[in-house]
Every structure is written in structure tokens, then in C-alpha cells.
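Trainee: Please take me slowly through one part of this structure, and explain each term as you reach it.

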Amino acid sequence: MKYILMMNTMRAGNGVPQWPQKDLQSHIAFMMALNKELRESGELVSAEGLAFPDQARLVRAGKNGAPVTDGVFPESKEFLAGYWIVDVDSAERAYVIAAKASAAPGPGGAPLNMPIEVRPIMSGPPPEML
Amino acid sequence: MTKPWDATSEHLLRELAPQVLGVVARRFRDFSAAEDAVQEAMIAAFTQWPEKGVPDNPRGWLIQVACRRMTDQLRSEIARRERETAVAAETEHLASPLETEADMDPDDTLILLFMCCHPALTSSSAIALTLRAVGGLTTAEIANAFLVPEATMAQRISRAKQNIKASAVPFRLPVPAERGERLPAVLHVLYLIFNEGYASSIGPQLQRLDLAREAIRLTRSMNNLLPENTEVAGLLALMLLTDARRAARTGPDEEIIPLDKQDRTLWDRAQLSEGIALLTAALSKASVGSYQLQAAIAAVHDEAETVEDTDWPQILALYELLKRVAPGPIVTLNHAIAAAMVHGPAKGLELLRALDRDPRIAGHYRLDAVRAHLFEKMGDHEAAIKHYRIAAALTTSMPERNYLMTQAARLADD
């Protein structure tokens with residue numbers, strides 16, 4: 001079963017966290033180690049970090065189909081910072097991974113306990129139905 | 001008679017792939033079909049040789065298998081089209097595989113390179129096609145190197161082949177006048193392959209093909225085919241001199257280590273000497289092009305035992321030349337850094353102001369990253385922190401972002 005784990009973080013300024021260097025480095029090291037662990041266990045399908053929200057644009061098709069772009073909503077407090085797609089045996093395992101990511105260290109080394117949205121990814125039809 | 005399969009055999013196969021493709025494509029005048037046939041021959045070799053040994057004439061073996069495959073395909077197509085017509089009559093004009101050795105032409109690899117780097121293709125298609133046709137890599141390997149699904153890469157390659165077919169580029173070596181026109185495109189594609197490998201050598205490396213080494217290998221074979229061309233030699237030297245620093249470029253957590261903080265004892269001395277020798281030979285010949293100048297700048301950095309030993313006035317002079325030969329915003333940016341090293345950070349910041357009006361680079365993270373660095377040198381930490389953070393928000397490279405955030409945090413801690 002594939003799940004997407006979406007990591008939401010609170011928005012501050014342009015998104016760049018303003019933490020002490022030591023805390024920033026342990027946060028980065030934690031994320032690298034988590035990805036490595038998931039890669040080595042064979043559960044990682046992909047993991048992507050996203051650019052900060054001030055680089056995001058909202059796009060709609062205009063009358064002639066040409067893109068009409070807009071900045072992001074200034075009122076949104078949280079933003080999607082990145083996601084993992086994992087292929088695991090059970091939903092419980094996906095939750096365990098999400099909880100681990102949620103507890104990534106923040107300022108002062110305290111766990112951030114970020115909300116991580118976990119959702120199953122729809123699979124295609126079974127082969128005999130194609 | 002065969003030789004046992006060993007560590008060099010895979011390398012040999014990769015070297016032979018473009019030559020075989022060149023022969024087959026030239027003979028059957030169908031690049032796309034020839035490409036498929038050669039891939040199948042390569043797969044056959046990869047599955048049979050490790051067990052049965054490497055044939056005495058591996059190139060002949062591959063050509064024979066690929067030609068047989070082409071003939072089979074032609075036969076079935078002919079059969080489908082007009083079942084009454086005798087197959088023998090149609091296939092008569094096809095040379096027997098044994099004759100192919102005679103028309104082996106070292107220029108075949110070059111023709112392929114020129115074909116794959118055709119200006120009608122987008123650079124991403126040209127890169128993919130070059131790696132597949134000239135580099136002899138599988139679609140899966142290329143997809144893996146660019147971290148895209150295999151189906152996406154297969155589609156990109158097949159579209160590129162269709163574009164070549166539609167553009168009706170004849171399968172022959174461009175005449176000298178054309179060659180001069182097309183060579184920059186070929187060198188640019190090789191340069192992009194190298195850069196892709198160089199930039200992505202940080203980050204998850206697991207099972208990824210080494211694109212930087214692949215680019216070096218292709219440029220080296222091009223340099224062997226066009227030994228008199230100083231820009232090809234310059235590009236090869238630039239790659240070798242840059243790649244020599246690979247082991248020192250990242251720390252234990254894959255974090256970026258900038259040039260001035262690298263442990264220079266980790267640099268690959270053999271590769272440095274090869275690059276410098278190539279460059280010296282190229283510079284002694286006539287014209288000086290942009291790759292030679294970039295290689296010369298890399299060489300000045302590489303020749304300094306310590307950061308303090310760096311000959312910045314010479315680097316500045318080379319950037320001034322480069323600004324004339326190949327002007328562009330990145331060159332101006334690097335020129336400003338060199339000027340700051342020679343005349344002080346204020347001079348660098350003054351030169352950067354010209355770039356704010358240049359739409360090609362205004363708003364690019366590198367502009368803010370360099371500003372941050374120069375403000376830090378000037379002792380203006382507040383401005384440095386601000387620009388490090390702007391740069392961190394602008395970059396789309398995760399290791400760069402981590403590096404820039406860490407720099408801002410380091411100054412803010414004080």
C-alpha cells in the first residue's frame with residue numbers, strides 16, 4: 001500500500017526558519033537520516049522538499065486557456081513543506097513513520113510535533129481488468 | 001575463441017555502443033530502428049558474455065547481432081506490406097554482416113554526437129538521446145540519473161527520435177562549415193550533462209548513475225576524435241579540474257563545503273595534473289575560447305595549496321577576458337567575486353548592482369547569496385543575514401538551501 005505523508009509547517013516570514021545554527025543543523029541531519037533509513041528499508045518511493053511558499057503561485061485558466069497566476073493567500077498560516085511517498089505493509093506502519101517525522105527536532109532540540117497528513121494513494125486497476 | 005568477462009568488459013561494451021550504432025544507422029538509414037536494434041544487441045551481450053565469455057571481435061559480434069535484428073524487422077515489415085513479394089529479393093541488397101567491419105569509420109561516433117545534439121532538439125531531449133545513443137546507457141539508467149520514472153524518459157527519448165526523423169537531418173558528418181556552427185551545441189550538451197552530475201552529486205546518490213564521469217568519458221572520446229580542437233580540450237580540462245574536487249565538496253552529512261573551506265588534500269591530484277596538461281597544450285595553440293578560460297580559472301584555484309595562496313589577480317584578469325569572449329550574468333557575478341577578492345567587498349557589491357537590471361538573473365538566488373557573502377566580508381552582518389535568508393527562500397536546491405540557512409543562522413548566533 002502506498003501512502004503520502006504531507007508535512008505542514010507554520011508560516012513565518014518568507015518561510016526560512018530563524019533558529020540557532022546548532023538546532024538548524026540537527027533538524028537537517030534528522031531529516032537526512034530519516035530518508036536514508038526509509039531508503040534502506042525499501043519503503044521510500046519518493047521524498048521531496050518544496051520551495052518556500054513565497055515562490056508558490058496559484059494558477060487558473062483564463063478565458064482563452066492562458067494561465068492566470070496569482071500570489072499565494074497571505075492569510076494561510078500553514079504550508080506544505082514537503083512530502084514522502086512510502087510503500088508499506090499497513091496503515092499503522094505509515095503512521096509510525098509519520099509520527100517519527102513529526103517529532104523532528106526544532107529550536108532548542110525540542111520535538112516540533114508538526115501535523116503530518118497521511119492519506120492512502122489510489123492504486124490502478126488490477127492487471128486482469130486492464 | 002573468447003576472453004573471460006571481467007571488470008573492463010562493461011566499459012568496453014559502452015565504448016562500442018556508439019560505434020555499432022553509427023555503422024548500423026549509416027547502413028540502414030534509419031536512426032530510430034537502428035537504435036532499437038543496437039539496444040537489443042547490447043542486452044544480448046550483457047546477458048550472454050558474462051557466461052560465455054567476450055568474443056574475440058566484440059564489435060563485429062554486436063554489429064552482426066544488430067544487423068540481423070534490423071534484417072528481421074525489415075523482413076517482417078515487408079512481409080506485412082506485401083506478402084507476395086519474395087523476401088529474398090528485398091534483402092539481397094543488404095550487405096552481409098561480415099562486410100561491415102570494412103566500413104567501420106571512427107567518425108561514426110562524431111556523426112552520432114552531432115545528430116543527438118541537433119539544435120532542433122530541446123536540451124533535455126538532446127541530453128537523454130546523447131546518453132542513450134552515444135553513451136550506450138539504458139533508458140532505465142538515464143531515468144534513474146534524472147530521478148524521473150522510466151516511462152517518462154522512454155517517452156522523452158522516443159519523441160527526440162521522432163523529431164530527428166521529422167527534421168530530415170541526413171546521417172552524415174556535417175561539412176566543416178556546418179560543423180563549426182553545430183559544435184557549440186554539442187559541447188553545450190556535454191557541459192550540461194556534466195553540470196547535472198556535478199550538482200546532483202550531493203543529495204541522494206544511491207544507485208544513481210555518475211553523470212559527471214559519463215560526461216567526462218564522452219568529452220574524452222570527442223577530444224580523441226578532434227584532437228586539434230582547443231575548445232573540446234578546454235571543456236575536457238574544465239570537467240577534469242572541477243571534478244577533481246569532488247571528494248572535498250561535501251561533508252559527512254552531504255552538506256555543501258564551499259571552495260574556500262575544502263580540505264585540499266582530498267583533491268584528486270592525478271586528475272588535476274591531467275587537466276592542467278590538457279589546458280596548457282590547448283592554450284599554446286591559436287584562439288582562446290570560453291571553455292579554455294573557465295578551465296584556466298579552475299586551474300588557478302586548483303594550483304593554490306591553501307585558500308590564502310589563491311592568485312586572485314590572475315583569476316580577475318581571466319574573468320575580464322571571459323567577460324569579453326562570453327559575456328553573461330553568471331560571468332559578471334563571478335567577475336564581481338574576483339574583483340571583491342582583489343579590491344575589497346565594496347568593489348564587488350558595486351559591480352553586482354549592474355545585475356539588478358538584468359532580467360536573466362535578477363531574483364536568482366545566486367545574486368543574493370553572493371551579496372550576503374560580500375556583506376559578511378565587510379562586517380555588515382545584518383545585511384548578510386538578510387541576503388542569506390532571501391537566497392535560501394529563492395533556491396530550489398535542497399543542499400543549497402540548507403547551506404544558506406546555516407550561514408544565516410551562524411551569523412545570527414553571534
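Mentor: Ala56(A) is partly exposed, because 17 other C-beta atoms lie within 10 Å (20 or more would make a residue buried and 12 or fewer exposed, with C-beta atoms placed from the backbone). This is a predicted model, in which local features need pLDDT of at least 70 and side-chain atom pairs count only at pLDDT 80 or more, while totals for chains, interfaces and linings use all residues. Residues are numbered from 1 along each chain as its sequence is written, and chains are lettered from A and ligands numbered from 1 in the order in which they are written.

Ala56(A) belongs to the loop that runs between strand S2 (44-49) and strand S3 (58-61) of chain A (strands are DSSP runs of E, at least two residues, numbered from the N terminus). Although Gly71(A) is 15 residues apart from Ala56(A) along the chain, 6.8 Å separates the C-alpha atoms of the two.

From this loop we can turn to the sheet that contains S2(A). In chain A, 4 strands form an open sheet with antiparallel pairing, in the order S2-S5-S1-S6 (two strands pair if DSSP finds at least two bridges between them). S2 and strand S6 (116-120) of chain A stand at the edges with a single partner strand each, so one side of each is left without a neighbour in the sheet. On average, and with direction ignored, neighbouring strands of this sheet are turned by 20° against each other (axes being lines fitted to C-alpha atoms, with angles from 0 to 180 degrees between N-to-C directions).

At the S6(A) edge, strand S1 (residues 2-10) of chain A pairs with S6(A) in the antiparallel sense over 5 bridges, and Met7(A) has Ile116(A) in S6(A) as its bridge partner.
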